[in-house]
Amino acid sequence: MRIFHKKGGGIIQLVDKKNMEEWSVELPLIFIEYIREKQLEKYNDTSVKKEISAYLDEILKDVAIPRLISVLEGENEEETISALERIKEISKKNVDMARPIKPYLDNLSKSKNKSIVKITQEISNNFLKADRRKELAKKRKIMQEKEKQFMAGTISGEDYAKARKEYLTLKE
Amino acid sequence: MAKKQQKKNWDLKAAKDLFNDYIEKGSEKREIPLPEDTIKIDDLNRKNTLERVYNLVDDIIERIYNTGKPSILLPSRSSSNIIWDEENDLLLLGKQIIEKQFHSLTSVADITRLMRVLEIINELLVKDIHATKREVFYTDVKLFTEQKTSDKSIEDAATMLYTTRNSTHVVAAPKGTCVGRLRIRDRNDIIDLEGLGSGGWTISPMLDNIEILESDAEFILVIEKDAAMMRLAEARFWRKYPCILLTAQGVGNVAVRMFLKRLSKELNLPVFSLVDSDPYGHYIHSVYLRGSKRLSYESPFLATPNIKLLGVLTRDLDKYKIPDVARLKLEKVDIKRIKDLLNEDFVKKNKKWETDLKLALKMNIKAEIQALSSHGFEFLTDQYLPEKLSTGDWI
């Protein structure tokens, strides 16, 4: 068991990630979701919550995702669909956690199975949306800078308009 | 009318200190290797148990070819081969081996039953399913004639395979329940033992499907009786005092004892028992503590040697002023049981335990856990248990 000590005394014990290697492919993800949604709030200790949250990320990275990848590379279509459904859920909540899957999506989108292609497309869209959000945040920062420069008169109206146009296009 | 108790916030200091001590030492450091003159039993997964079945059958066939005198070798389970390991406080099986030969009439019947049980075990393992001892008996009533014989063959088969009975997928019927600060998985289902109402989770005998996932408990309380369990469950005792409650409604069967052992070992928690203040209650505690003689071959997987007898102790009856009307006189059978217990090495070694049993004899009294209700229904949950766990008043 992995032990987490609460500041005011008391401990929380969670199953070791090594044990999960024997689990069915979707179970590590179900476990992560279960602890995050049902237990984490009950621990009443910010630092222990943080530590456990980090441990859950570790499980996701070291066990859950690699196990899913092994299924995606396999030939059992039913297992692949079930794994893709889980990945879709992760990509909605935390796209970075699902990134290791990205290189496998190209191949899967060429599958003859329509369900596999459909879910793969949905996951790809989640990646695209997330990438756009990132780029927009970057541009927003630049835009704020340009606004300051324009107000200070250090850049021309033309330069400002160009930056503004780029930002608005991306936003749409 | 029930007397009013002063509600107090107990810190459970003694129980917490014990828990911290366990956590500091770690479970491995607390475990002492088993003595060399005892046989080693393994708790195996399905694949490894199947492998042992095949190896055993290969051995028998080879012996038939080589000697022409077919026989089976298995560790003796007679009382002369049961050893009490003082260091670990466990009853274990010694290294005496018996040979059952096919050519005597009594042995032939025994061996036929044994081979039939092995065949059933093989089927269960191949199909990855479980059967109760009763079901095994009904697979061949003519051969086994009564369940006692099939039960014996099942135990012999497990001993022959040098594994636990649970590893053979022959299980006991579900009996005990568990509730409290614990999350487990049963195959792919996550079960929250805090969220199952007062009834709790029925301890599955198919323990190979069970895994401990999460817990923030600080101790385990084993309760002899359903009524006391109900009182604690209704009070949601584990919410105020982080713990896991478990009952087997009497002597713990294999599944309950194995589950308790697992909880105690994996979570490294202190374990306490709450039993009637009578020799049978003490006997129930002793079975959790060091295993039973009949199943001594799998004691290392069934016994919880660090379990403490929290109550109800004979000395508690005066300390907590249990009225005379709630006390009972010892019967002949109780006196015999106390004397038998006093003769056991593990009691002789534990002076506090010996003293308490002698006190029961001297005062000629016994009492049930429910006798504590003479101070009000909540006395058990609000005063008795928290006070004992705070002060370390256990054996």
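Helix α10 (residues 254-267) of chain B lies across three strands of that chain, β12, β13 (243-247) and β14, and runs at about 165° to β12(B). The model described here is a predicted one. The strands β12, β13 and β14 belong to an open sheet of 6 strands in chain B. The helix α10(B) also packs on a second sheet, where it touches β2 of chain A together with β11 of chain B. That second sheet is built from strands of both chains, in the order β1(A)-β2(A)-β11(B)-β8(B)-β9(B).

**The sheet of chain B**

- The strand order of this open sheet is β10-β7-β13-β12-β14-β15, and its pairing is mixed.
- At the edges stand β10 (201-202) and β15 of chain B; each has a single partner strand, so one side of each is left without a neighbour in the sheet.
- Within the sheet, strand β12 (residues 219-223) and strand β14 (residues 271-274) of chain B pair in the parallel sense over 4 bridges.
- One residue of this pairing is B:Ile220, whose bridge partner in β14(B) is B:Val271.

**The sheet shared by chains A and B**

- Strands of a sheet pair through backbone hydrogen bonds, and the pairing is either parallel or antiparallel.
- In the shared sheet, which is open and has 5 strands, the pairing is antiparallel.
- Its edges are formed by β1 (2-5) of chain A and β9 (189-192) of chain B; each of these has a single partner strand, so one side of each lacks a neighbour in the sheet.
- On average, neighbouring strands of this sheet are turned by 25° against each other, direction ignored.
- On the chain A side, β1(A) and β2(A) run antiparallel and are joined by 4 bridges. Here A:Ile3 stands opposite A:Gln13 of β2(A).
- The direction of α10(B), which packs on this sheet, makes about 45° with that of β11(B).
- Across the two chains, β2(A) and strand β11 (residues 210-215) of chain B pair in the antiparallel sense over 2 bridges. In this pairing, A:Leu14 has B:Glu214 of β11(B) as its bridge partner.

**The contact between the chains**

- Chain A gives 15 residues to the contact, and chain B gives 13 residues.
- On the side of chain A that touches chain B, the elements that give two or more residues are β2 (11-14) and α1 (27-39) of chain A.
- The largest share of that side, 6 residues, comes from α1(A).
- Sorted by class, the side of chain A that touches chain B has 10 nonpolar, 5 polar and no charged residues.

**Helix packing in chain A**

- Two packed helices are described by the angle between their axes and by the distance between the axes.
- The helix α1(A) packs against helix α2 (residues 46-72) of chain A at an angle of about 155°, with the axes 9 Å apart. The two helices α1(A) and α2(A) are therefore roughly antiparallel to each other.
- Their crossing is left-handed.
- On α1(A), the contact is made by A:Pro28, A:Leu29, A:Ile32, A:Ile35 and A:Arg36; the residues of α2(A) include A:Leu56, A:Ile59, A:Leu60 and A:Arg67.
- By class, this contact has 9 nonpolar, no polar and 2 charged residues.

**Helix packing in chain B**

- Helix α11 (residues 279-290) and α14 of chain B pack at an angle of about 35°, with their axes 9 Å apart.
- The crossing of α11(B) and α14(B) is left-handed.
- In this contact, B:Pro279, B:Tyr280, B:His282 and B:Tyr283 of α11(B) meet B:Asp334, B:Arg337, B:Ile338 and B:Leu341 of α14(B).
- The contact of α11(B) with α14(B) has 5 nonpolar, 1 polar and 2 charged residues.

**Backbone features of chain B**

- A cis peptide bond joins B:Gly311 and B:Val312, with omega about -5°. B:Val312 is placed in the loop between β15 (308-311) and α13 (314-319) of chain B.
- B:Leu12, a residue other than glycine, has a positive phi near 50°. B:Leu12 is found in the segment before α1 (13-25) of chain B, and B:Leu12 is buried because 23 other C-beta atoms lie within 10 Å.
- B:Lys321, a residue other than glycine, also has a positive phi near 50°. B:Lys321 is found in the loop between α13 and α14 (332-343) of chain B, and B:Lys321 is exposed because 9 other C-beta atoms lie within 10 Å.

Note on methods. Residues numbered from 1 in each chain as written. Chains lettered and ligands numbered in written order. Predicted model: local features only at pLDDT ≥ 70, side-chain atom pairs only at ≥ 80, totals over all residues. Contact = placed C-beta atoms within 7 Å. Nonpolar A, V, L, I, M, F, W, Y, C, P; charged D, E, K, R; others polar. Pairing = 2+ DSSP bridges. Axes fitted to C-alpha atoms, helices over the stretch in contact; angles between N-to-C directions. Parallel < 35°, antiparallel > 145°, perpendicular 65-115°, else oblique. Left-handed = near helix turned anticlockwise from the far one by under 90°. Buried ≥ 20, exposed ≤ 12 C-beta atoms within 10 Å, placed from the backbone.
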